[in-house]
Amino acid sequence: MGKAARVLPTVTATRYVTPLREGGSLPGLVEADDEGTYVVKFWAAGQGPKVLAAEIIAGELARRLGFRVPDLLMIEMDPRIARHEPDEEVQALLAASAGRNLGMDFLPGAFGFDPDAFPPDPAEAARVLWFDALINNVDRSWRNPNLLRWHRELWLIDHGAALWFHHDWSRAGTAARRPFRADDHVLARHAADPAEAHRELADGVTESVLREVVELVPDQWLVDDDSGSGASAAERRTAYVDHFLARIESAPHWVPGGAA
Ligand SMILES: Nc1ncnc2c1ncn2[C@@H]1O[C@H](COP(=O)(O)OP(=O)(O)OP(=O)(O)O)[C@@H](O)[C@H]1O
Ligand SMILES: [Mg+2]
């Protein structure tokens, strides 16, 4: 399990290896100057840098609550790397994503999680289900589980679709009470009682943990929007913290199965 960093480390990409074709946002695999191999989520990809903010906030909160999440870091991309890339779509993405991007430790030999082949522990499944309800993550379905099995353990990846309310802050006010539709969740059938998971984990979602997590997001990934609100990065960070504190307060509205 990765450690909880106070600042995400930065490495520089030295070689683009290959796209991860199954990823909708065209994430890629790179080698970096520390000899590590990383999955990169490019800031210039389709949905913009907000999805990278969601990856950091949700991923680092998950880590602090005891889930396994590949270590996150910043990857500096030199646009000259694009020159060696034959695929035009990838080349354009690499060239546009100069500067800082989000990286994630590559788990070699991990395979897509299949709950029928390897039934998950019911208590762990309930904790994941509870966490996805907390972060409004609609992207852990049986079609697209976004869970990996690595060294016989369950790892959480791909939180870019979580916190969807941040794409329109003007209407985000009701998100804290928004119920979670658990029917589609890949672990719904395998989970023990989510209310028990709530009792175990909710106390870990404190203001200081939330502060620590939002501080890891670079300013530019927080203020990218067309709303014209002029909100600063600091105001956005506070808005995420306030959202989570309100969501925890509103648990009876969203904990799957109720009775939290
Ligand atoms: N850290 C990792 N280690 C090993 N494989 C990974 C890792 N991260 C992602 N992958 C592989 O790459 C695929 C795409 O990654 P991810 O789901 O994060 O991208 P995405 O573009 O957000 O995907 P989508 O929107 O299609 O779900 C994953 O389904 C998984 O197979
Ligand atoms: Mg995915």
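## A tour from Tyr240 to the ligand and beyond

Begin by selecting Tyr240, which counts as buried because its relative accessibility is 1%, below the 20% under which a residue is called buried. The model on screen is a predicted one, and every value quoted along the way is computed from it.

**Stop 1: the aromatic cluster**

Keep Tyr240 selected and add Trp164, Phe165 and Trp169, since these four residues form one aromatic cluster. A pair of aromatic rings is described by the distance of the centres and the angle of the planes, and these are the two quantities to follow here. Across the structure there are eight aromatic pairs. One of them joins Trp164 and Phe165 in an edge-to-face arrangement, with 6.1 Å from centre to centre and 75° between the planes. How exposed or buried are the two partners? Trp164 is partly exposed at a relative accessible area of 29%, whereas Phe165 has a relative accessibility of 3% and therefore counts as buried.

Next, turn to Trp169 and Tyr240, whose rings also pair edge-to-face, their centres 5.1 Å apart and their planes at 80°. This pair links distant parts of the chain: Trp169 sits in the loop between β8 (153-156) and α4 (194-201), while Tyr240 belongs to helix α6 (residues 233-249), so that 71 residues separate them. Trp169, like its partner, counts as buried, in its case at 18% relative accessibility.

**Stop 2: Leu163 and Arg152, two positive phi angles**

Stay in the loop between β8 and α4 and select Leu163, which is found there. What is the sign of phi at Leu163? Phi is near 55°, a positive value in a residue other than glycine. As background, most residues other than glycine have a negative phi. The side of Leu163 open to solvent is quickly described, because the residue is buried, with a relative accessible area of 0%.

Now move to the loop between β7 and β8, where Arg152 is found. Its phi is near 65°, again a positive value in a residue other than glycine. Is Arg152 buried or exposed? With a relative accessible area of 71%, Arg152 is exposed.

**Stop 3: ligand 1**

Select ligand 1 together with the 18 residues around it, of which Gly24, Ser25, Lys41, Asp105 and Asp158 come nearest. By residue class, the shell divides into nine nonpolar, five polar and four charged residues. Why does ligand 1 lie between the two domains? Domain 1 (10-105) and domain 2 (111-254) both contribute residues to the shell, and ligand 1 therefore lies between them.

For the contacts, display the side chains of Ser25, Asn146 and Asp158. The side chain of Ser25 has an N or O atom 2.7 Å from an oxygen atom of ligand 1; for Asn146, the corresponding separation between a side-chain N or O atom and a ligand oxygen is 3.1 Å; and for Asp158 it is 2.8 Å. On its own, ligand 1 has 620 Å² of accessible area, and the protein covers 84% of that. Colouring by secondary structure then shows which elements give two or more residues to the shell, namely β3 (37-41) and β5 (99-105).

**Stop 4: helix α3 and strand β7**

Finally, go to helix α3 (residues 122-134) and select Asp132, which lies in it. Asp132 counts as buried because its relative accessibility is 0%, and its side chain is joined to that of Arg140 by a polar contact of 2.8 Å. Ala133 lies in helix α3 too, and is likewise buried, with a relative accessible area of 0%.

Two distances from Ala133 give a sense of scale. Its C-alpha atom and that of Arg237, which is 104 residues away along the chain, are separated by 20 Å. For Arg149 and Ala133, 16 residues apart along the chain, the C-alpha separation is 21 Å. Arg149 itself has its place in strand β7 (residues 147-150) and, at 15% relative accessibility, counts as buried.

Definitions and conventions. Residues are numbered from 1 along each chain as its sequence is written. Chains are lettered from A and ligands numbered from 1 in the order in which they are written. This is a predicted model: local features need pLDDT of at least 70, side-chain atom pairs count only at pLDDT 80 or more; totals for chains, interfaces and linings use all residues. Side-chain values use heavy atoms; hydrogens and water are left out. A residue is near a molecule or strand if one of its heavy atoms lies within 4 Å of it. A polar contact is a pair of N or O atoms within 3.5 Å; within protein, one must be able to donate a hydrogen and the other to accept it, and residues adjacent in sequence count only if both atoms are side-chain atoms. Accessible areas come from the Shrake-Rupley method with a 1.4 Å probe; for residues, only the protein chains shown count as cover. Helices (H or I, at least four residues) and strands (E, at least two) are DSSP runs, numbered from the N terminus. Ala, Val, Leu, Ile, Met, Phe, Trp, Tyr, Cys and Pro count as nonpolar, Asp, Glu, Lys and Arg as charged, and the others, Gly among them, as polar. Domain bounds come from an automatic or database domain assignment. Rings of Phe, Tyr and Trp (its six-membered ring) pair if their centres lie within 6.5 Å; planes under 30 degrees apart count as stacked, over 60 as edge-to-face and the rest as tilted. Buried means under 20% relative accessible area, exposed over 50%, partly exposed in between (1.4 Å probe, protein chains only).
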